[in-house]
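Me: I should like a close look at a single part of this model, namely its salt bridges and the elements that carry them. Please explain each term as it arises.

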Amino acid sequence: MKYQRPKGTADILPGMSEKWSYVEDTARLLFNDYQFHEIRTPMFENFEVFSRSAGDTSDVVTKEMYDFHDKGDRHIALRPEGTAGVVRAYVENKLYAPEQEKPYKVFYMGPMFRYERPQTGRSREFHQIGVESFGSDSPAVDVEIMAMAMDFFNHLGLTNLKLAVNSLGDKETREAYHQALVDYLEPHFNDLSEDSQSRLHKNPLRVLDSKDKKDQEIVANAPSILDFMTPDAQKHLDTVKEMLEALKIPFEIDPTMVRGLDYYNHTIFEIETNSPALGHGWMTICGGGRYNGLVEELGGPETPGFGFGIGMERLLLLLDNLDVTAPISNPLNAYVVGIGEETNVETLKLVQAIRQAGFSADRDYLNRKPKAQFKTADRRQAEFTITVGAQELESQTVHFKSMRTGEETTLPMDAIYQDFASVYDKYSEE
RNA sequence: GCGGUAUUGGUGAAGUGGUUAACACACUGGUUUGUGGAUCCAGCACGCGUGAGUUCGAUUCUCACAUACCGCCCCA
């Protein structure tokens with residue numbers, strides 16, 4: 001094989017692409033119900049857009065960025081996630097302007113890139129569907145968006161989902177907790193895994209997320225961030241909980257949950273599944289939260305924000321596993337069988353006439369025998385076949401056959417050309 | 001970035017250091033000189049991921065590389 005696709009990329013072929021469209025269409029319809037509008041931003045940005053927003057110590061920035069210098073020596077990075085670019089666009093286009101309605105609600109879907117080791121549900125080019133809402137720090141925004149994510153999964157027929165919620169509090173909360181956590185972890189320093197040791201001072205919250213068994217034991221007794229909430233932060237979280245309950249959305253508070261990106265504060269959440277399609281244990285298919293400092297970080301006015309990202313590949317793996325199939329929406333109304341090379345022009349005219357009448361039609365292009373053509377028509381579940389041979393050419397007729405009933409009649413060719421719709425209707429009823 | 005497993009035709013796969021690389025499905029043609037199923041017959045890998053090496057000889061042994069999958073790391 002001379003050429004193969006780059007490591008960690010995938011070809012989405014017919015058969016799969018329909019499922020992608022189905023999921024994307026479902027998202028568009030539902031998000032519109034929530035009055036979110038689509039935004040499309042570049043797939044690459046200046047490196048700093050991501051490094052500033054995600055945090056210099058985050059893994060995404062330190063080792064997973066797909067970056068390069070272009071011919072103008074600009075430091076460019078393929079977007080590793082959607083939020084930073086949307087925030088950049090929000091600021092650059094002055095969408096914070098007073099005449100813009102707040103909150104400003106957008107969604108996006110498209111490819112993202114991270115340089116890492118491919119595995120199930122993880123590739124170098126992957127796709128996310130995400131939403132962002134700017135300009136309100138109301139807990140109602142948090143809950144609306146979490147509810148929308150759950151709503152989306154429900155629409156797709158997913159079950160076995162777990163909504164995990166936590167709060168990272170405000171700046172004051174984080175600082176106090178940060179200190180308490182470092183104080184707690186430092187005596188255990190030598191028992192921590194190597195990774196956690198290096199994280200301890202750079203970003204201690206990440207230690208909470210360690211999968212190392214020993215780390216988890218140590219972390220189990222660590223102070224909880226929930227004990228360090230300022231009154232404001234606590235109130236925000238309480239309201240979120242109250243509203244989730246009011247909407248009867250099941251959730252659990254997970255005080256050890258953190259996010260891989262540094263820009264989050266207050267409410268964060270993940271939607272996880274334990275489907276065997278994604279391996280053992282729980283895997284995240286949706287993650288998001290509140291990022292009140294991010295717009296400012298990228299040069300805009302102080303603006304609260306809230307959003308999430310859904311991993312398309314993982315979502316599709318789940319759907320495949322559940323046998324959730326996209327409705328088939330491309331039936332073949334008529335297959336034109338041409339017998340002999342001399343019918344080549346007429347069959348082309350016929351399929352075009354049928355298509356222009358608003359129906360779907362196809363024909364053979366390999367000069368195959370009638371039997372083979374009928375086989376194809378059968379396999380493709382054509383509703384009707386229209387046969388043309390030398391005799392029909394001579395008499396300007398066609399053999400019109402219902403593949404369902406097997407009945408065949410002779411019709412004037414003009415009936416197809418003039419008004420295929422009524423022919424179709426007439427024989428569909430029988 | 002670190003481990004482990006794998007890589008044979010369009011697909012699922014069997015297999016051996018040495019003539020023609022099983023079998024099945026799919027596809028194409030014929031049986032039916034113009035009609036969907038079934039049967040039967042035939043065709044279908046210049047080649048066993050790529051490149052080197054060992055050997056009289058390698059798809060089968062060794063090494064490197066590539067890719068996929070699994071675990072770690074991390075995340076969507």
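Reply: The structure holds 13 salt bridges, a salt bridge being a side-chain nitrogen of Lys or Arg within 4 Å of a carboxyl oxygen of Asp or Glu. The model is predicted, so local features need pLDDT of at least 70 and side-chain atom pairs count only at pLDDT 80 or more, while totals for chains, interfaces and linings use all residues. Side-chain values use heavy atoms, with hydrogens and water left out, residues are numbered from 1 along each chain as its sequence is written, and chains are lettered from A and ligands numbered from 1 in the order in which they are written.

One of these pairs is Arg28 with Glu38, whose side chains meet at 2.9 Å, N to O. Arg28 lies in helix H1 (residues 17–33) and Glu38 in strand E1 (residues 37–38), so this salt bridge ties together parts that are 10 residues apart in sequence. Helices (H or I, at least four residues) and strands (E, at least two) are DSSP runs, numbered from the N terminus. Arg28 counts as partly exposed, at 26% relative accessibility, and Glu38 is also partly exposed, with a relative accessible area of 30%. Here buried means under 20% relative accessible area, exposed means over 50%, and partly exposed lies in between, with a 1.4 Å probe and protein chains only. Arg28 and Glu38 are linked with Arg40 in a network of salt bridges.

A second pair joins Arg88 to Glu45, where the closest N and O atoms are 2.5 Å apart. Arg88 belongs to helix H4 (residues 83–92) and Glu45 to strand E2 (residues 44–46), so the pair ties together parts that are 43 residues apart in sequence. Arg88 is buried, with a relative accessible area of 18%, and Glu45 counts as buried at 6%.

A third pair is Lys105 with Glu144, whose side chains meet in a salt bridge of 3.4 Å, N to O. This pair links distant parts of the chain, 39 residues apart, with Lys105 in strand E5 (residues 104–113) and Glu144 in helix H5 (residues 139–155). Lys105 counts as buried at 15% relative accessibility, whereas Glu144 is partly exposed at 26%.

Helix H5, which carries Glu144, also packs beside another helix. The axes of H5 and helix H9 (residues 231–246) come within 9 Å and cross at roughly 40°. That makes H5 oblique to H9, because angles under 35 degrees count as roughly parallel, over 145 as roughly antiparallel, 65 to 115 as roughly perpendicular and the rest as oblique. Axes are lines fitted to C-alpha atoms, for helices over the stretch in contact, and angles run from 0 to 180 degrees between N-to-C directions. H5 passes H9 in a right-handed crossing; a crossing is right-handed if the near helix is turned clockwise from the far one by less than a right angle, and left-handed if anticlockwise.

A second helix pair may be set beside this one. The axes of helix H12 (residues 344–356) and helix H15 (residues 413–429) come within 8 Å and cross at roughly 30°. H12 is therefore roughly parallel to H15, and H12 passes H15 in a left-handed crossing.
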